[in-house]
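I opened this model to take notes on its helices, its sheet and its domains. My entries follow in the order in which I looked things up.

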Amino acid sequence: MKAGLVGYQGGGKSALFELLTGLKPDPSKTHSGQVGVATVPDERFDRLVDLYQPKKIVPTKIELFDTPGLSRDEKEGNAQRLSVIREASVLVQVIGQFAGCDPTAEASAFIDDLILADSQVVSNRVERLKKDAAKPRPDRDELQAELEALLPIAERLENGDELADMEFSEAQVKAASSFALLTRKRRLVVLNTADSDIDAEVVANLESAGHAVIAAPAGLELEVLALPEEEQAEFGAEMGLAEPSRRLLLRKIFEVTDQITFYTCAEKEVHAWLLNRGETVLDAADTIHSDLARGFVRAEIWSADDLLRLGSERELKAAGLQHVEGKEYVVQDGDEIFIRSGI
Ligand SMILES: Nc1nc2c(ncn2[C@@H]2O[C@H](COP(=O)(O)OP(=O)(O)OP(=O)(O)O)[C@@H](O)[C@H]2O)c(=O)[nH]1
Ligand SMILES: [Mg+2]
């Protein structure tokens, strides 16, 4: 899972990147963007590790992608600058709440830039298709069908609307798949505040404009982390910093992706896995290993929370809380799964 840190110049993307990954921004990657990895905080996973004491642990990771800032004045180049984030599955817009900045206006300007970038790629394809479908080619019917699928999408973008809530037909999903459209990605606004005083009204304004938002003094926290360890607590307290926001920010980014976590646990390994909400235990088996899915017989499942409450698998089974499921079972967030496979 990849989260792109995006937004206008100087908002604090690189500061947030460093805070979340512990990596210093590499000046040679200023134009291409820089990738780093962070572990998604998961209290349930930590407690499972305590319980099983495994030899190996595999927590959920999130890839963070620090990108070059967009320009507020030279809007024409922004679509090109945005092309680096097409592979991200969630867009984290970092807005610096410093003097002179209107966060709600900036969030809205950003969406306009996303719409423009999407509009350019779709329109280019539409123009190409119009030309090609007019020629006597063997694939003419296919091109015509693709064109018809894309036209309503292009029109919507040209009208300045994003695509997030547009229902796509199967043909449209297929026609648009290679574009990785930006306005269909999930978004989160991180409000990078100058200090620990978070202005509730600014947050409320962003929320009522429809943005998922989390506010944190990321730049300031990074400065505190750069201090010698013995000074960090004192300075942090002086600045009014409570618990560092790192965990909270990572958790929130993860939540925006709307994925669920399931676990496989044994003495050998405690492993957290990701699954799209609504997927079945057969999909879960396939995520672990395609052989497990091919030879799927049944799954033994319980809720990790029940296990942690009762303290052992034996207690859990005695309480009748293990259930046996076939391949159609829809996995729930926090399920612990043991798959019986014939292979
Ligand atoms: N208090 C305050 N802090 C600022 C201001 N402008 C920037 N900062 C901080 O300066 C630092 C620099 O920001 P960066 O992380 O380099 O910003 P960026 O979004 O990566 O910038 P680009 O990569 O150039 O787009 C961050 O810690 C910000 O929090 C300001 O006007 N006031
Ligand atoms: Mg930067």
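**Entry: helix α10.** I started with α10, which covers residues 246-256. The model is predicted, so I read these as computed assignments. Which residues of α10 are buried? I found Arg246, Leu249, Leu250, Ile253 and Phe254. Next I looked down the axis of α10. The buried residues fall within an arc of 135°, so they line one face of the helix. I recalled the general rule: an α-helix has 3.6 residues a turn, so residues three or four places apart point the same way. I then stepped past the end of the helix. Just after α10, Asp258 has a positive phi of about 55°.

**Entry: the open sheet.** I traced the strand order next. Six strands form an open sheet, in the order β2-β4-β1-β5-β6-β7. The pairing in this sheet is mixed. Which strands stand at the edges? I noted β2 (34-39) and β7 (213-216). Each has a single partner strand, so one side of each is left without a neighbour in the sheet. I also checked the twist. Neighbouring strands are turned by 25° against each other on average, with direction ignored.

**Entry: β6 and β7.** I then took one pair from this sheet. Strand β6 spans residues 186-193 and pairs with β7 in the parallel sense. I logged four bridges between β6 and β7. What does Asn192 stand opposite? I found Ala216, in β7.

**Entry: domains.** I looked up how the chain is divided. Domain 1 is assembled from 2-40, 60-105 and 184-256. Domain 2 takes 106-181, and domain 3 takes 259-341. The C-alpha centres of domain 1 and domain 2 lie 30 Å apart. Their contact takes 21 residues from domain 1 and 14 residues from domain 2. I asked which elements give two or more residues to the domain 1 side of this contact. They are α3 (78-82), β5 (90-97) and α4 (103-133). I sorted that side by class as well: eleven residues are nonpolar, five polar and five charged.

**Entry: whole chain.** I closed with the totals. I counted 14 helices and twelve strands in the chain. The C-alpha trace spans about 70 × 65 × 40 Å along its principal axes. How many of the 343 residues are buried, as a percentage? The figure is 33%. Last, I looked at contacts with a separation of 6 or more. Residues 24 or more positions apart account for 70% of them.

Note on methods. Residues numbered from 1 in each chain as written. Chains lettered and ligands numbered in written order. Predicted model: local features only at pLDDT ≥ 70, side-chain atom pairs only at ≥ 80, totals over all residues. Buried ≥ 20, exposed ≤ 12 C-beta atoms within 10 Å, placed from the backbone. Arc of directions from axis to C-beta. Contact = placed C-beta atoms within 7 Å. Domains from an automatic or database assignment. Nonpolar A, V, L, I, M, F, W, Y, C, P; charged D, E, K, R; others polar. Pairing = 2+ DSSP bridges. Axes fitted to C-alpha atoms, helices over the stretch in contact; angles between N-to-C directions.
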